[in-house]
Every structure is written in C-alpha cells, then in structure tokens.
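Here are my comments on the model you sent, set out as numbered points so that each can be checked against the coordinates.

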Amino acid sequence: MREGRTVRMLRTSDGTMFTVSDEDAPHLSNRTWRRNSSGYVVTSIRKGKKVEHLLAQRIVAGAKKGQRVALKDGDQLNLRRGNLVLLGRADQSGTWPHWR
C-alpha cells in the first residue's frame, strides 16, 4: 500500500486515538469505532437483522474475502496505508506476525 503524506488522528468510542492516512479520514470519520477484545479497531454495520463487525484496517486496505491485512509495525492503532500489507492465502504462512 502506498504511504499517505499526512495523517489524521481519529477516536474510538472510549477515547483511544488511532492514526489513519489523511485520504482515508473522510470515509472513516463518519462511523463509530471501538476496540474489540483483541485490541483491533472495529465498527459495526447492520445488514437486515444481522450485525457485521468490520476491522478498520481491512476497510483502509480494501481487503477482499480471503485476504488478510498485516500491520508492518504490529501497532493496532497505526492504520496508515504505509503500515498495511495485503496478504493472499499463500502469504498467510505465519511469516507476518500481525495479520487479520
């Protein structure tokens, strides 16, 4: 993923700050974010009667079904484009310790 030039800080519902590339802030800032039990930043969307939980890093990286997103520095609050790596099924051998 290409590195964003400037960054913006966004806030989860409990006040935790997380970093995103400036170009991602507009479509992320209109959602309510929280940290899940594993520490990842997530949002929830309702699809009919079901609720789906989406990881912010997957939204930023544009991850498709079957792809994982690795955090280069392991920091779950650093969601800048330059810190995210898309992994396909073949890449998920365990060499990236911080992927979801």
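**Notes on the fold**

1. In this predicted model, strands β3, β4 and β5 form, in that order, an open sheet of 3 strands with antiparallel pairing. The edges are taken by β3 (34-35) and β5 (50-55), each of which pairs on one side only. Between β3 and β4 (residues 41-47) there are 2 bridges in the antiparallel sense, and one pairing to look at there is that of R34, whose bridge partner in β4 is V42.

2. As for the overall layout, the chain contains 2 helices and 8 strands, which follow one another from the N terminus as β-β-α-β-β-β-α-β-β-β. Of its 100 residues, 36% count as buried, and the exposed surface comes to about 6100 Å², with 47% of that supplied by carbon and sulfur atoms. Among contacts with a separation of 6 or more, 35% are made by residues 24 or more positions apart.

3. Strand β2 has pairings with two other strands that deserve to be read together. Strand β1 (residues 7-11) is joined to β2 by 5 bridges and runs antiparallel to it, with R8 having V20 as its bridge partner; in the hairpin that these two strands make, 5 residues lie between the strands, and G15 takes a positive phi near 95°. With strand β7 (residues 78-79), by contrast, β2 pairs in the parallel sense over 2 bridges. Both senses are familiar, since strands of a sheet pair through backbone hydrogen bonds, either parallel or antiparallel.

4. Why can β2 be described as largely enclosed by the rest of the structure? The description holds because 4 of the 5 residues of β2 are buried. T19, which is found in this strand, has a relative accessible area of 16% and is therefore buried, the cut-off being under 20%. T19 stands opposite N78 in β7, and, leaving aside neighbours within four places in sequence, T19 is in contact with V7, R8, M9, L77, N78, L79 and R80.

5. The largest nonpolar core has 19 residues, and those with the most contacts inside it are F18, V20, L28, W33, V41, L79 and L84. At least two residues of this core come from each of β2 (17-21), α1 (25-28), β4, α2 (56-61) and β6 (68-71), while the largest share, 3 residues, is that of α2. V20 thus links two of the points above, being listed in the core and also serving as the bridge partner of R8.

Notes. Residues are numbered from 1 along each chain as its sequence is written. This is a predicted model: local features need pLDDT of at least 70, side-chain atom pairs count only at pLDDT 80 or more; totals for chains, interfaces and linings use all residues. Side-chain values use heavy atoms; hydrogens and water are left out. Buried means under 20% relative accessible area, exposed over 50%, partly exposed in between (1.4 Å probe, protein chains only). Contact means heavy atoms within 4.5 Å. Accessible areas come from the Shrake-Rupley method with a 1.4 Å probe; for residues, only the protein chains shown count as cover. Two strands pair if DSSP finds at least two bridges between them. A nonpolar core is a set of buried Ala, Val, Leu, Ile, Met, Phe, Trp, Tyr and Cys residues joined through side-chain atoms within 4.5 Å.
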